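Here is a short tour of a protein model for your next coffee break. Have a look at the sequence and structure first, then read on.

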Amino acid sequence: MALTRDAVLTALKDISDPVSGSDVVAAGIIRALNVEGGTVRFVLEIDPAKAETYNPVRDACEAAVKALDGVETVSAVLTAHSAPKPPPDLKAQKAAQQPQGPQKVAGIDRIIAVASGKGGVGKSTVSVNLACALAAEGRRVGLLDADVYGPSQPRMLGVSGRPASPDGKTILPLRNHGVTMMSIGLMTNEREAVVWRGPMLMGALQQMMGQVQWGALDVLIVDLPPGTGDVAMTLAQKYALDGALVVSTPQDVALLDARKGMNMFEKLGTPIYGLIENMSTHICSNCGHEEHIFGHGGVAAEAESMGVPLLAEIPLHLDIRTSSDGGAPIVVSKPDSPQATAFRDIARRLVEAGQA
Ligand SMILES: Nc1ncnc2c1ncn2[C@@H]1O[C@H](COP(=O)(O)OP(=O)(O)OP(=O)(O)O)[C@@H](O)[C@H]1O
């Protein structure tokens, strides 16, 4: 008989939660349970201050699930829920040791967020091509797909399969075209709709930053979800973001949303490295005829009025879409094409400015 979620939950009900006294399922700490064939994954969402207490609980949960018929591998990870504010710490010395403001991530020299105000404007396409172009410039590049609502980087970078976690604590990222990549989407089942609540999102982001073995990176590109939501805020507040790139199409409505995105970064104190206009002009793949189907000049004017550089005008070209869909972004599959050159120019510019 095939292994089911219910069978896993029933087994987990035998494990008690040391904090509430009830079982771990009733206590509501089992999250993101994913059963795929013989592989079972879930997280225990806990108060980070009680991580030590929960290590044996995690081991007991893993053992209970492993004992079920049909289970081959079990991965249970502790993630932090957003703990209520701790009482004020009166010991000055201890307070001095508390992390202050956004933190650097060990081994990662720079973090650049790629954002857009609106979905579908090509933020992921820009992120993956920029990452590949930076790798081609000899930079050690990571790409974090934080777009929980529509993770697309595994497909665009041509990687498949699940990241391994040999010790159940650290996560091995995937790698292709010289880019080290991890996607929050790989933590869930593709067909399973996941409702990402704020705390879970933060836990997942913290896991991505702290538990993924990125290795030494010159730059980590973070492909954010569209808009000015929780992920962008958490990222900028918790981690030392060096800069942000904002992608927009030329239409007024996209620009309006892009402005909101830029305002958010300004408020968070993150420098905006530049605006990128995507789908700037349409180049017919048959005759080469060029047409500004979404209008022209708006993004350049916006960049000027905001006082940020317009880093590139990327054309709308069939090759850009088909190459990403095929897992070898245009910068890799046709590096000398004018379309790829637009992305490579951004990469060179960022490297020259010491930003990547
Ligand atoms: N310059 C371009 N030329 C041709 N196709 C493009 C271009 N930019 C993006 N696309 C295509 O448009 C679609 C949307 O792009 P993409 O997924 O990068 O957008 P996004 O802003 O990351 O979207 P979301 O955040 O909503 O997932 C994809 O199919 C992509 O291949």
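Let's start with one pair of strands: β1 and strand β2 (residues 39–46) pair in the antiparallel sense over 5 bridges. Two strands count as paired if DSSP finds at least two bridges between them, and the helices (H or I, at least four residues) and strands (E, at least two) are DSSP runs numbered from the N terminus. Please keep in mind that this is a predicted model, in which local features need pLDDT of at least 70, side-chain atom pairs count only at pLDDT 80 or more, and totals for chains, interfaces and linings use all residues. Residue numbers start from 1 along each chain as its sequence is written.

**The sheet and its helices**

- Within the β1–β2 pair, I30 stands opposite L44 in β2.
- Helix α1 (residues 5–12) packs on the sheet, where it touches β1 and β2, and its direction makes about 135° with that of β1.
- Contact here is a matter of C-beta atoms, placed from the backbone, lying within 7 Å; axes are lines fitted to C-alpha atoms, for helices over the stretch in contact, and angles run from 0 to 180 degrees between N-to-C directions.
- In total, 3 strands make up this open sheet, in the order β1-β2-β3 and with mixed pairing.
- β1 (30–36) and β3 (73–80) are at the edges with a single partner strand each, so one side of each has no neighbour in the sheet.
- On average, neighbouring strands of this sheet are turned by 10° against each other, direction ignored.
- Helix α2 (residues 51–66) lies across β2 and β3 and runs at about 155° to β3.
- The UniProt record (unreviewed entry) places the feature "domain: MIP18 family-like" at residues 5–75; UniProt positions are in the numbering used here, feature names are shortened, and annotations may be inferred rather than shown by experiment.
- Residues 5–75 are 34% helix and 25% strand, and the end C-alpha atoms of the span lie 14 Å apart.

**Helix α4**

- The 14 residues of helix α4 (residues 123–136) should span 20 Å at 1.5 Å a residue, and the end C-alpha atoms are 20 Å apart, which agrees; the expected span is 1.5 Å times one less than the number of residues.
- Of the 14 residues of α4, 13 are buried, meaning that 20 or more other C-beta atoms, placed from the backbone, lie within 10 Å of a residue's own (12 or fewer is exposed, in between is partly exposed).
- G138, just after α4, takes a positive phi of about 90°.

**Three residues to look up**

- A49 is in the loop between β2 and α2, and it counts as exposed because it has 10 C-beta neighbours inside 10 Å.
- H177, in the loop between β6 (174–176) and β7 (179–183), has a positive phi of about 50° although it is not a glycine.
- H177 counts as buried because it has 21 C-beta neighbours inside 10 Å.
- M279 sits in strand β10 (residues 272–283) and has a positive phi near 60°.
- With 24 C-beta neighbours inside 10 Å, M279 counts as buried.

**Overall figures and confidence**

- The protein has 12 helices and 12 strands, and 44% of its 356 residues count as buried.
- The mean pLDDT (the predictor's confidence in each residue, from 0 to 100) is 85, and 90% of the residues reach 70 or more.
- Among the elements, helix α3 (residues 92–97) has the lowest mean pLDDT (49) and strand β8 (residues 219–223) the highest (97).
- Where pLDDT is low, the predicted coordinates should not be read in detail.

How values were computed: Contact = placed C-beta atoms within 7 Å.
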